[in-house]
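Trainee: I would like to go through this model with you, one question at a time.

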Amino acid sequence: MHRMGGIFHRIREWMLDHAYWVTLGAVMTVIAASALYTRGLERQAAGVQAAANAPEVAESAAPQPEATLVPLATLAPLSLHSSLQPGGTTVWPVSGGVIRDFDGEMPVLWEALDCVQLHAAVDLAGEEGEKVRCVMDGTVSGTVRDELWGWRVAVAQTDGQQAVYAGLAACDVTAGQNVTRGQTIGTLLERIPCEAELGTHLHLELTREGQRRDPADILPDQPKGTQT
């Protein structure tokens, strides 16, 4: 006990000798604790304010598949069949007249091919290099070139029929292109190899649902002064 009392006595004397520093340390400790406490209150208040001002978040809807834009086909202007509006929907395609008629029943002699077969088309006289005009509005369904016919251009017409222009030296249109009556689709070849005996001309075919039709049925009256 005497030893413990001695220790307390020495501590007491040390504190009395260093009272200034002890007091200063206590004050600094209180100030630091107050600052920490105040900062904690400020952070808490800021968190509450932010929560109050936060915008309301709506429940997100399930993602929808992205729409696919499908381009619409551009159609040539619709026109009436020539039988309903005579002379108003078709044009004569070349400068000359008919030099061989349509004959879907009686075979004819094809001298250049040295054979007899049907002639399911009309042949119209023309001049080498002259422009071939589209008979009726439509869309080019195909173009092809071969040794017997030169260039051939198929046009799906607005009347539901398909016209084929054969005997072209050059083709001025492409598949899928919209064409209008009177528009140039190509130029005439000097001679069509498989119909060389007829000279320079346009070979014009017409079909509906695969059946051969007489192109003369949709052509306007033959222009006056056309060569034959």
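The questions and answers below go from the chain as a whole to single strands and residues.

Mentor: This is a predicted model, in which local features need pLDDT of at least 70 and side-chain atom pairs count only at pLDDT 80 or more, while totals for chains, interfaces and linings use all residues. Residues are numbered from 1 along each chain as its sequence is written, and side-chain values use heavy atoms, with hydrogens and water left out.

Trainee: What pattern does the protein chain follow along the sequence?

Mentor: The protein chain has 2 helices and 12 strands. Helices (H or I, at least four residues) and strands (E, at least two) are DSSP runs, numbered from the N terminus. Read in that order, the pattern is α-α-β-β-β-β-β-β-β-β-β-β-β-β.

Trainee: What percentage of the residues of the protein chain count as buried?

Mentor: Buried means under 20% relative accessible area, exposed over 50%, and partly exposed in between (1.4 Å probe, protein chains only). The protein chain exposes about 15,100 Å², with 57% of it supplied by carbon and sulfur atoms; the areas come from the Shrake-Rupley method with a 1.4 Å probe, and for residues only the protein chains shown count as cover. Of the 228 residues, the buried share is 29%.

Trainee: Among contacts between residues at least 6 apart in sequence, what percentage join residues at least 24 apart?

Mentor: A contact means heavy atoms within 4.5 Å. Among contacts in the protein chain between residues at least 6 apart, those joining residues at least 24 apart make up 61%.

Trainee: Which strands pair with strand 11?

Mentor: Two strands pair if DSSP finds at least two bridges between them. Strand 11 covers residues 201-208, and 7 of its 8 residues are buried. It runs antiparallel to strand 4 (residues 122-125) with 4 bridges, and Val122 stands opposite Leu204 there. Antiparallel bridges also join strand 11 to two others: 5 to strand 8 (residues 162-171) and 3 to strand 12 (residues 211-213), which gives the partners as strand 4, strand 8 and strand 12.

Trainee: Which residue in the turn between strand 11 and strand 12 has a positive phi?

Mentor: Leu206 of strand 11 stands opposite Arg213 in strand 12. The two strands form a hairpin with 2 residues between them. The phi in the turn is about 55 degrees, and the residue is Glu209.

Trainee: Which residue takes a positive phi in the hairpin of strand 7 and strand 8?

Mentor: Strand 7 (residues 150-157) pairs with strand 6 (residues 138-146) in the antiparallel sense over 8 bridges, in a hairpin with 3 residues between the strands. Strand 7 and strand 8 are also antiparallel, over 6 bridges, and Val153 stands opposite Tyr165 in strand 8. The hairpin of strand 7 and strand 8 has 4 residues between the strands, and the positive phi, near 90 degrees, belongs to Gly160.

Trainee: Which strand gives the largest share of the lining of the largest cavity?

Mentor: A cavity is a set of points on a 1 Å grid over the protein atoms alone where a 1.4 Å probe fits but cannot get out, and lining residues have an atom within 4 Å of a point. The search finds 1 cavity of 30 Å³ or more, and about 30 Å³ of space lies in the largest. Its lining includes Leu204, Glu205 and Leu206. The largest share, 3 residues, comes from strand 11.

Trainee: Is Glu130 buried or exposed?

Mentor: Glu130 lies in the loop between strand 4 and strand 5 (131-133). Leaving aside neighbours within four places in sequence, Glu130 is in contact with Val94, Ser95, Gly186, Thr187 and Leu188. Because its relative accessibility is 15%, Glu130 counts as buried.

Trainee: How far apart in space, C-alpha to C-alpha, are Phe102 and Leu204?

Mentor: Phe102 lies in the loop between strand 1 (98-100) and strand 2 (103-110), and is partly exposed at 22% relative accessible area. Not counting residues up to four places away in sequence, Phe102 touches residues including Val122 and Arg213. Phe102 and Leu204 are 102 residues apart in sequence, and their C-alpha to C-alpha separation is 9.5 Å.

Notes:
1 Å grid on protein atoms, 1.4 Å probe; cavity = no way out; pocket = protein on both sides within 12 Å on 5 of 7 lines; lining within 4 Å. Points joined across faces, edges and corners; volume = space filled by probe spheres on them.
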